[in-house]
4 protein chains.
Amino acid sequence: SDEELTTPDVQGYDFRGEFDFQKMLEAYATTGFQATQLAEAIDIAEQMQDADATIYLTCTSNIISSGLREVVAYLVREGYVDVLITTAGSLAEDVIKTAKPFKMGEWDADEAALREQGINRLGNLFVPSDRYVWLEEYLYDFFEEFFADEKVRTPTAFARELGETLDDPNSILKQAADNDVPVYCPALTDAEVGNFLYYYRQGYDSEVGIEILDDYDSLIEDGMLADTTGLIAVGGGVPKHHAIMTNLFRGGADYVVYISTGMEGDGSLSGAPPNEAVSWGKIKDDERTNYTQVEAEATLVFPLLVAGAFSE
Amino acid sequence: SDEELTTPDVQGYDFRGEFDFQKMLEAYATTGFQATQLAEAIDIAEQMQDADATIYLTCTSNIISSGLREVVAYLVREGYVDVLITTAGSLAEDVIKTAKPFKMGEWDADEAALREQGINRLGNLFVPSDRYVWLEEYLYDFFEEFFADEKVRTPTAFARELGETLDDPNSILKQAADNDVPVYCPALTDAEVGNFLYYYRQGYDSEVGIEILDDYDSLIEDGMLADTTGLIAVGGGVPKHHAIMTNLFRGGADYVVYISTGMEGDGSLSGAPPNEAVSWGKIKDDERTNYTQVEAEATLVFPLLVAGAFSE
Amino acid sequence: SDEELTTPDVQGYDFRGEFDFQKMLEAYATTGFQATQLAEAIDIAEQMQDADATIYLTCTSNIISSGLREVVAYLVREGYVDVLITTAGSLAEDVIKTAKPFKMGEWDADEAALREQGINRLGNLFVPSDRYVWLEEYLYDFFEEFFADEKVRTPTAFARELGETLDDPNSILKQAADNDVPVYCPALTDAEVGNFLYYYRQGYDSEVGIEILDDYDSLIEDGMLADTTGLIAVGGGVPKHHAIMTNLFRGGADYVVYISTGMEGDGSLSGAPPNEAVSWGKIKDDERTNYTQVEAEATLVFPLLVAGAFSE
Amino acid sequence: SDEELTTPDVQGYDFRGEFDFQKMLEAYATTGFQATQLAEAIDIAEQMQDADATIYLTCTSNIISSGLREVVAYLVREGYVDVLITTAGSLAEDVIKTAKPFKMGEWDADEAALREQGINRLGNLFVPSDRYVWLEEYLYDFFEEFFADEKVRTPTAFARELGETLDDPNSILKQAADNDVPVYCPALTDAEVGNFLYYYRQGYDSEVGIEILDDYDSLIEDGMLADTTGLIAVGGGVPKHHAIMTNLFRGGADYVVYISTGMEGDGSLSGAPPNEAVSWGKIKDDERTNYTQVEAEATLVFPLLVAGAFSE
Ligand SMILES: NC(=O)c1ccc[n+]([C@@H]2O[C@H](COP(=O)([O-])OP(=O)(O)OC[C@H]3O[C@@H](n4cnc5c(N)ncnc54)[C@H](O)[C@@H]3O)[C@@H](O)[C@H]2O)c1
Ligand SMILES: NC(=O)c1ccc[n+]([C@@H]2O[C@H](COP(=O)([O-])OP(=O)(O)OC[C@H]3O[C@@H](n4cnc5c(N)ncnc54)[C@H](O)[C@@H]3O)[C@@H](O)[C@H]2O)c1
């Protein structure tokens with residue numbers, strides 16, 4: 001009854017003998033379930049590069065809270081990524097980390113005790129409050145420069161000019177600034193950046209503003225000017241949607257990889273698998289497999305994707 | 001060994017005799033697992049009202065895609081909600097629905113076939129493309145008015161003035177406009193609203209803009225002016241974070257209910273349970289139970305929460 | 001473009017006016033996402049009854065730990081359920097609850113402290129250790145009777161004869177015994193029942209045994225003798241698989257409702273949606289919608305399913 | 001404010017220069033979220049070995065459906081595992097794979113079409129029906145031998161004697177038989193093994209039986225005789241609970257690693273994190289970190305755990 005079944009055999013990695021990481025990763029393709037999805041993601045990411053696609057990387061803020069920040073900075077520095085889209089927490093935290101590290105913490109901490117010690121919890125990471133005191137001062141100086149000539153600026157300008165002030169090679173903003181990679185962040189207010197802008201307007205200059213239509217135009221045009229596009233969405237939310245929505249203008253993204261813990265059954269954008277986006281024309285429908293999703297927490301699989309597709 | 005255990009017995013609803021909805025809902029309190037969480041949520045929502053709290057409702061766009069739109073409109077109309085925070089899809093879809101309904105669909109549809117028929121899939125809902133053609137025209141007329149006097153406007157002004165043009169009692173924008181409930185939406189570009197603003201700028205007036213700092217100031221002040229605040233976050237993302245972040249300025253929200261499918265273990269803001277926000281000072285730490293989370297898809301439980309806490 | 005779309009409009013419940021529970025439940029059908037799944041589940045459960053199907057209810061042990069125990073006992077007592085399939089914890093806990101209640105507890109308790117106080121945690125429920133001391137004694141007396149005539153018995157005989165000793169109308173075992181509903185439980189050892197059988201064999205009679213093939217034969221024959229079958233699987237695991245696997249022998253179950261938090265993408269049986277079982281012939285493929293799944297935690301939705309389909 | 005914070009800095013892997021797999025895995029420890037959980041799991045698995053613990057590996061059936069079968073067989077062959085606990089599907093599928101492979105498939109296949117072609121879908125794997133025809137014949141011969149001398153046998157004897165008939169080095173049953181590793185499987189009927197036992201009893205010998213108390217005694221004693229125990233639970237269900245429950249008799253397991261997609265909030269055993277088991281005394285409470293959980297689909301992370309802790 002299986003005459004027609006010409007697909008590969010299910011077969012896992014053979015651990016006997018010397019361990020070979022690349023072979024193990026290849027064996028993921030025939031291991032099944034999400035391992036196969038990851039192998040497919042690596043394959044699609046390689047196709048993006050072979051096709052010389054304009055690559056968009058989107059990520060949620062917690063990715064930058066985590067040690068994946070350094071991995072994202074690497075991708076930008078090496079020229080693998082052409083457009084970054086993220087949320088405001090990423091910007092705040094990337095700047096902090098250029099001066100003071102986040103610390104390893106615990107999921108089940110006593111929140112009231114932490115509050116008293118001035119320690120903020122972010123999953124299993126701890127962020128002492130002094131980080132934000134430092135950030136406030138850093139940003140005040142920056143705001144003065146940033147709004148000096150023009151009162152109303154854009155999030156991409158904010159990210160770029162802020163990045164230029166930094167000198168940590170592991171900073172995503174610095175690498176983006178140095179490598180001409182725009183960083184889109186429409187909801188720029190939704191993090192400490194927004195809080196300090198509030199204080200700045202209250203205390204120094206009530207007329208400064210952030211305008212978001214200009215950036216949206218540029219993002220649409222990034223897509224329309226590109227011959228081929230590839231999206232890697234790490235997590236969901238606004239960044240993921242911003243990437244697929246603006247790719248609609250060019251008839252859909254050509255190559256797409258999602259890494260997500262989202263649940264399809266809640267009807268959310270974050271949980272929507274790539275095929276939903278095909279019906280909208282946000283992802284191209286193709287004969288070949290040009291999109292996939294890995295259902296996994298990103299810190300587990302994003303380094304493997306990078307090791308498999310974006311490293312020597 | 002259980003001398004100290006003075007908590008209630010675990011005991012479910014007794015279905016014998018005539019069915020009594022309120023009794024069934026009360027039995028959730030002693031049913032355990034998420035039923036108990038829902039009963040706690042109802043209790044906290046009632047406390048918000050007893051304390052005359054300023055109530056923030058935050059929701060993701062798919063809530064408005066679904067039949068919960070009518071429930072949110074009801075809450076605004078009846079004066080139960082004082083501040084709405086959402087994402088851009090909510091605005092686009094609320095307007096469409098004043099003229100043309102969304103249709104029931106299927107999860108497992110053939111995406112390429114849908115694409116050919118001009119049907120967009122959103123979970124198990126279908127949205128024919130003509131809705132967006134209609135929306136584009138509707139918005140063009142609106143944009144002209146909206147930007148007539150001032151070129152640079154805010155998302156709350158956008159929502160309010162757009163709401164004023166509508167006359168469907170089930171519209172959240174109309175009810176918000178009529179009842180002076182501000183609708184915050186920092187990432188206003190991230191939906192068809194943004195696309196049509198792009199076209200508008202290309203075709204009619206390249207100088208119009210959306211500025212987001214003004215709104216953030218107001219949202220912070222909504223919180224600082226309130227004696228007591230209560231948050232109901234339906235889903236996560238920017239809306240949830242916007243509400244807790246700005247409540248930081250007043251020393252934390254007093255009452256909080258989250259309804260979420262998010263996963264705590266991914267370190268995301270969407271999956272973060274309320275106690276994480278306590279460490280940041282975004283939610284007040286209290287002797288009494290003043291916050292809870294229901295881990296569930298919202299269409300299942302939000303009507304129960306409203307039936308339990310916000311209806312006669 | 002939507003000429004062909006003859007499906008209902010997406011439309012939620014209208015909370016204005018007097019609250020009507022049945023109308024609210026009906027509105028779930030057009031609310032979308034999981035609400036629609038629940039409405040479909042209610043509809044299929046009603047079809048089971050109209051078709052006079054032999055109804056299998058399968059549940060995991062935690063369902064009996066929770067207040068859903070009383071709901072399951074109700075379904076058995078009222079004759080709505082013909083076959084019960086569960087895991088061993090259900091039996092142990094159902095018996096305990098006839099004498100001593102479980103208590104409401106907390107998710108985030110200090111485990112070491114609980115351990116010292118002799119309190120076992122089960123999600124947000126607490127079970128003081130004295131319950132198990134009591135159970136041990138109760139079962140010893142029962143074992144003596146149970147193994148008096150035959151040394152090697154079956155799980156169904158165990159459940160039935162144990163049920164006959166109980167006199168709590170909320171006991172699933174008592175109701176099953178009284179109403180001739182077999183209770184299948186192949187992994188009978190995997191709970192305190194197994195532990196006390198171990199002690200009993202060590203201390204009293206090393207020759208007693210539990211044989212599981214006889215029961216499997218009966219379960220297969222339950223299915224083959226039935227004209228029509230309906231399955232309601234609350235949670236996954238062995239009980240769910242036992243029901244669908246034995247329905248294979250009759251060409252598949254006719255009506256199927258799953259309630260589950262399982263994840264499809266892990267390839268697990270627990271997460272597998274009904275359509276996977278169609279490929280195996282475990283569920284019949286039908287023109288009409290004869291199966292569905294609600295992705296939700298059961299304590300939230302099972303009472304609604306019962307209220308909608310199994311109550312006056 | 002962070003004087004006390006002596007935990008490591010959050011810091012991801014540095015991809016510059018030549019890729020070093022072990023260094024990347026080490027960097028998981030300070031990457032945060034689930035990466036840190038995985039690093040902890042590797043560390044605990046190494047501690048198990050340093051302490052010369054009796055290691056229990058538990059897995060659900062789909063693990064053996066996937067390419068992790070070969071990885072489990074490797075662990076048994078190399079002597080890393082002392083006790084295996086699983087469900088019945090594992091036994092059926094391991095035997096089939098000694099003769100005929102499972103094939104790679106697709107999640108979104110047309111189920112009715114598959115049914116007609118005689119292809120069974122298991123997540124994204126395909127299993128042509130001829131596999132089960134072959135298995136039926138193979139097992140008939142085996143049953144004859146197996147029940148020849150004794151009519152009532154145990155699951156462990158079944159697994160061992162079946163394993164002795166096989167000669168595929170990638171077979172978990174063969175490696176277990178060769179290396180004296182008992183394979184516990186209390187719900188032995190709940191897979192095709194049970195179906196063919198049914199036919200065998202109908203057609204050949206109605207008196208054969210499977211008794212499960214003997215095995216439970218042995219499993220308890222495996223634990224009581226061990227100086228130190230370590231558990232690795234891949235997935236949940238009966239296997240996971242069987243391991244922790246029988247470790248109760250020795251005062252709890254010493255080292256525990258869970259890999260699971262289960263949800264804590266549903267109160268299920270599969271979703272219960274290790275600390276819940278501490279309150280029951282199923283896991284020892286220790287000063288050091290002696291247990292952890294990785295929230296992930298196993299095919300993604302189990303190979304990494306093995307590469308990090310169980311390979312040269
Ligand atoms: N560190 C922070 O997380 C942080 C800090 C300050 C402000 N904020 C703000 O909170 C708001 C909401 O955050 P967001 O939009 O960045 O996204 P989010 O954290 O709400 O995540 C959105 C979705 O992405 C997926 N996801 C998130 N983390 C994942 C992971 N590790 N692996 C796989 N999938 C994952 C999940 O499905 C999640 O529901 C934003 O405005 C942001 O600026 C966040
Ligand atoms: N191939 C099969 O899955 C198969 C075949 C035949 C029979 N069966 C039978 O079905 C019944 C139920 O199956 P089960 O008890 O083996 O477990 P299951 O498949 O129902 O899984 C139980 C839980 O383990 C976790 N889990 C499963 N797969 C995982 C993964 N890949 N990664 C991380 N976590 C995972 C999930 O939380 C899941 O809910 C058993 O009696 C079994 O014999 C299964």
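Let us start from a single residue in this predicted model: Glu111(B) is buried, its relative accessible area being 6%, and since buried here means under 20%, the label fits. Glu111(B) sits in helix H6 of chain B. Leaving aside residues up to four places away in sequence, Glu111(B) touches Arg121(B) in its own chain, together with Asn275(A), Glu276(A), Val278(A) and Ser279(A). Those partners in chain A lead us to the interface between the two chains.

There, 60 residues of chain B are in contact with 60 residues of chain A. The size of an interface is often given as the accessible area lost when the parts come together. For chain B and chain A that area is about 5,500 Å², with carbon and sulfur atoms giving 57% of it. Tyr198(B), Leu213(B) and Trp280(B) provide 13% of what chain B buries against chain A, more than any other three residues.

How are the two copies arranged? Chain B is superposed on chain A by a rotation of 180° with 0.0 Å of shift along the axis, at an RMSD of 0.0 Å. The copies are therefore related as by a two-fold rotation axis. Both use the same surface, as 100% of the contact residues of chain B recur in chain A.

Polar and charged pairs also cross this interface. Between chain B and chain A there are six salt bridges; the side chains of Asp214(A) and Arg201(B), for instance, meet in a salt bridge at 2.3 Å, N to O. In addition, 30 residue pairs are in polar contact, both residues at pLDDT 80 or more. On the side of chain B that touches chain A, the elements giving two or more residues include helix H6 (111–117), strand S4 (119–122) and helix H13 (274–280). The largest share, eight residues, comes from H10(B). By residue type, this side of chain B divides into 28 nonpolar, 17 polar and 15 charged.

Now turn to chain C. Its contact with chain B takes 72 residues from each of the two chains, and they bury about 5,700 Å² between them, 63% of it on carbon and sulfur atoms. Phe15(B), Phe33(B) and Met104(B) supply 16% of the area that chain B buries here, more than any other three residues. Two salt bridges are found across the interface of chain B and chain C. Lys103(B) forms a salt bridge with Asp9(C), with 2.8 Å between the closest N and O atoms. Residue pairs in polar contact number 27, both residues at pLDDT 80 or more. Helix H14 of chain B (residues 298–309) gives the largest share of the side of chain B that touches chain C, seven residues. That side comprises 34 nonpolar, 23 polar and 15 charged residues.

Conventions
Residues are numbered from 1 along each chain as its sequence is written. Chains are lettered from A and ligands numbered from 1 in the order in which they are written. This is a predicted model: local features need pLDDT of at least 70, side-chain atom pairs count only at pLDDT 80 or more; totals for chains, interfaces and linings use all residues. Side-chain values use heavy atoms; hydrogens and water are left out. Copies are superposed by least squares on the C-alpha atoms of residues with pLDDT of at least 70 in both. Contact means heavy atoms within 4.5 Å. Buried area is the accessible area (1.4 Å probe) that two parts lose on being put together, summed over both. A salt bridge is a side-chain nitrogen of Lys or Arg within 4 Å of a carboxyl oxygen of Asp or Glu. A polar contact is a pair of N or O atoms within 3.5 Å; within protein, one must be able to donate a hydrogen and the other to accept it, and residues adjacent in sequence count only if both atoms are side-chain atoms. Helices (H or I, at least four residues) and strands (E, at least two) are DSSP runs, numbered from the N terminus. Ala, Val, Leu, Ile, Met, Phe, Trp, Tyr, Cys and Pro count as nonpolar, Asp, Glu, Lys and Arg as charged, and the others, Gly among them, as polar. Buried means under 20% relative accessible area, exposed over 50%, partly exposed in between (1.4 Å probe, protein chains only).
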